[in-house]
Amino acid sequence: MLTPELTTLGGTEMTDRRGAKKLFKTHKGWMAAGITAAALFSFQLAGNQTASVQADTNESTEPGVGAPELQQDILYLQKEVAGATNPAVKEHFQTQLDAATAALKKLTDAPTPDNGGTTTPDNGGTTTPDNGGTTTPATGDTTKTAADDKAAQEKKLSDSKSYLEKEIAGTTDPALKEQFQKQLADATAALDKLTDTGTPANAFNDTNTPNKSTQASDQAKADADAAAAAEKAKADDAAALKAKEALVQTQAGYKLGLKGFKPSESSMQDPAFAAGYKQGAAERAAAQKSVVDATSKQEDAAKTAAENALKAKDALVEIQAGYKVGAQGLTPTDIAMKDPAFTAGYKQGVADKAARDAAAQKTVAENALKAKDALVEIQAGYKVGVQGFTPTKIAMQDPAFVAGYKQGVADKVAREAADGTAAENALKAKDALVEIQAGYKVGVQGFTPTALAMKDPAFVAGYNQGKADKAARDAAAKTAADNAIKAKDALVNIKAGYDIGKKGYKPTELAMKDSAFAAGYKQGAADRAAELAANAAKAKDALAQIKAGYKDGKDGVKPTAEQMANTAYAAGYKQGAADRAAAAAKDPKTPDPKKQDPKTPTPISTKKNTTDTKGDTTDNNSGAATKKSAEGTALPQAGDDTNVVAASLGAIAVFGALFGLAGDRRKRA
C-alpha cells in the first residue's frame, strides 16, 4: 500500500481526495439550506403580495434585481451545472438556471411605458405614472395575481420538499440527515400555512351593494392598506434581494476557501464573502487534518492508496527512476531533475539512503527490511526460473534473485519429471506463488487466516514470513526509517506490477487488489503496448528500406550517400548488388553496371516469369508458355529465388537486431 509519506511525492492534491465525501456532504448541506431559505423568502413575499396591488404590469418579479445581476447569476449557475456530478445537485442547479434565464428574458422583453402616458387595462383599471397620480386597480387583476403568486409559491415549496425527501433517503450521515429533516419540517409548515390560508371576500364582488359613503370609506381604507402592503412588499423584496446577494457571496467565498484558493483583498471586504471563505477554509483544513489522522487506520490507508494511485499513474515510472538514482547515491542529470515526479522520487531515495547510512547498528527493523527485500527478489527469481524464462543480466547480479531462480529451475525440472507436463507444473508453481503472496499479505497486515487456508503449506510459509516481518516492524521505533520501509513496500509492489505488465504476464486477482501493484501493472502494460507498436513501426520501415535497397542494388541504380547511411537500405542494396554480380558472372550477356555509361540506364529484362500449379512457365506479355522465357536473356530464375530468400533472411536479422537493441536499452534504463 502507498503510505502518506509516498503520497506527498505526487503533490499536496494527492491527499485532498481523502475528505472528498465529507466535503461533498457539507456542500450539500449549504445548498439545501439555500434552497429552504429561498423558499421561505418566496413564501413571505407571496403573503405580502396577496394583499398588495400590482398595478404596473411591466414591473420585474424580483424588485431591485436588474439584468446585470441576473446575468451574473446565470453565469454562476452554468458553471455549477457543468461541474456537478451528483444528479440531484445537478437538477437543483439546472432548475435555478432555468428560472434565472426566464426572469432575464421577462425583464429584457418587458415594454417601457411613456413617462407621461396613461395605461388603461381591459378590465377597467386606470394606471397613472409615478408623478403624483393614484392607481385604481381592477378587482379581477388583483385576484388573478394573488392566485398566480400563491400557486407559484406552492410549487416552489413542493419542489423543496421533494428535493429534501430525496436527500434524506439517500444520506447516510446522521448529522446531515438531521439537518435535512429540520429543513423539510420548515418547508412543510410553510406549505401548510400557504394552503390553509383562506381567501378573503372581495368587497367589489359582494352582492350587497353598500351606500356611497360606506363604499368611499372602504375604498380609502383599501387604498391605504394596499399602499402599506406595497411598501412592505418592497421592503421585503429589498431584504430578500440583500439576503440572496449575501447567500451568493457566501457560497462564492465558501467555494473559494474550500478549494484552497487565495481571495482578493476587495472580495474579503464583503462580510458575507469573508464569512463563507473562512468557513470553507476551516472545513478544508479540518478535512486535510482528518486525512492525516486517519492514515493510522488500515481501511482509510487503503482508500488513500487507491485514490493516490490514480493520480500517481503518470508519475510512477519517474518516481521509481528518481528513487533508484537517489537510493544508490548516483548523480542525476539536469534534465531529469526538471521533472517533479523524478525529483520527488530522487529526494525520497536520498533520504532513505542517508537514513540507512547513518544507522550505526543493524536494528530488527533494518534486518526485517533486508529480509523482505530478499524475499521479494527470491520470489521474482523463483517465478522466472519455475516458468522457464531467461533472466536479465542485471537481475542475476542480485544473490537473492539468483538463489530464487536456481530453486525455481530445480523445482521446474523436478516437477516436470515427477508430475507430467510443463503446463501442469507451471500451474502448480503459479498457484504456490499466489498462496505465498496471499499468506504473506495476511501475515504482514496482522489478519487472522482461515483454518482452510492454513492447510496449504505455501500459504503457511508466506503467512509465517509476513507475520515475522510485521512483528519486526511493530517492534521497531516509528522513525524515518520505518516510513522509508512503507514507501519501499509500495515501490516494490509498483515495480513487481510494472514488470508483470511490461513482460505481458497475466496478474492474479489477489495481486491486482493491491492498488500500488495495479498501478504499476497498468503502466507496464501501457509501456509494453507502446514499445511493441514502436518496434513494429521500426520493423515495417526497415523492411521497406531493405526492399528498396535490394531493388536498387539488383537493378544497378547508384544510391545516394544519404540512402547508404540507412543501415537497412545499405544491407538490402549490398545483397541486391551481390546477387546482380553473381547473375552477371553466370550469364555474360548481362551487362556489368560498372562498365556501362552512367548516363545510360541499366537494361532490365521486361519479362517476368510466373509458375502455376502445374509448373508451367508463361510470358507475362504474351501469355504463352515458351522455353525461351525460361532460357532467354533475363537473369537466371534460380538466382532470383535465392536472392529473395537471402533478402528475407537479411530482413529477419535486421528485425532481430532492432528488437534486441530496444530490449537492451530498456533494461539499462
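Helices (H or I, at least four residues) and strands (E, at least two) are DSSP runs, numbered from the N terminus. The model you're looking at is predicted, with local features needing pLDDT of at least 70, side-chain atom pairs counting only at pLDDT 80 or more, and totals for chains, interfaces and linings using all residues. Residues are numbered from 1 along each chain as its sequence is written, and side-chain values use heavy atoms, with hydrogens and water left out.

**Exercise 1.** Take stock of the secondary structure and the buried share of the protein chain.

*Solution.* Start with the elements: there are 23 helices and 2 strands. Then turn to burial, where buried means under 20% relative accessible area, exposed over 50%, and partly exposed in between (1.4 Å probe, protein chains only). Of the 669 residues in the protein chain, 32% are buried.

**Exercise 2.** Work out which elements build the largest nonpolar core.

*Solution.* First, the term: a nonpolar core is a set of buried Ala, Val, Leu, Ile, Met, Phe, Trp, Tyr and Cys residues joined through side-chain atoms within 4.5 Å. The largest one has 17 residues, and those touching the most other members are Ile74, Leu77, Val89, Phe93, Leu97, Leu164 and Phe180. Next, the contributors: helix 3 (67-83), helix 4 (87-109), helix 5 (139-170) and helix 6 (174-196) each give two or more residues. Helix 4 gives the most, with 6 residues. Finally, a second, separate core of 11 residues includes Leu316, Tyr323, Ala327 and Ala341.

**Exercise 3.** Sort the two faces of helix 3 into buried and exposed.

*Solution.* Begin with the buried set: Leu70, Asp73, Ile74, Leu77, Glu80 and Val81. They sit on the same side of helix 3 because they cover an arc of only 130° around the axis (the arc is that of the directions from the helix axis to the C-beta atoms). Now flip over: the face turned away from the buried side carries the exposed residues Pro68, Gln72, Leu75, Lys79, Ala82 and Gly83.

**Exercise 4.** Describe how helix 11 (residues 316-327) meets helix 12 (residues 340-358).

*Solution.* Look at the axes, which are lines fitted to C-alpha atoms, for helices over the stretch in contact, with angles running from 0 to 180 degrees between N-to-C directions. The two axes come within 6 Å and cross at roughly 35°. Then list who makes the contact (heavy atoms within 4.5 Å): helix 11 residues including Gly322, Tyr323 and Gly326 face helix 12 residues including Ala341, Gly345 and Gly349.

**Exercise 5.** Place alanine 374.

*Solution.* Alanine 374 lies in helix 13 (residues 364-386). It counts as partly exposed, at 25% relative accessibility.
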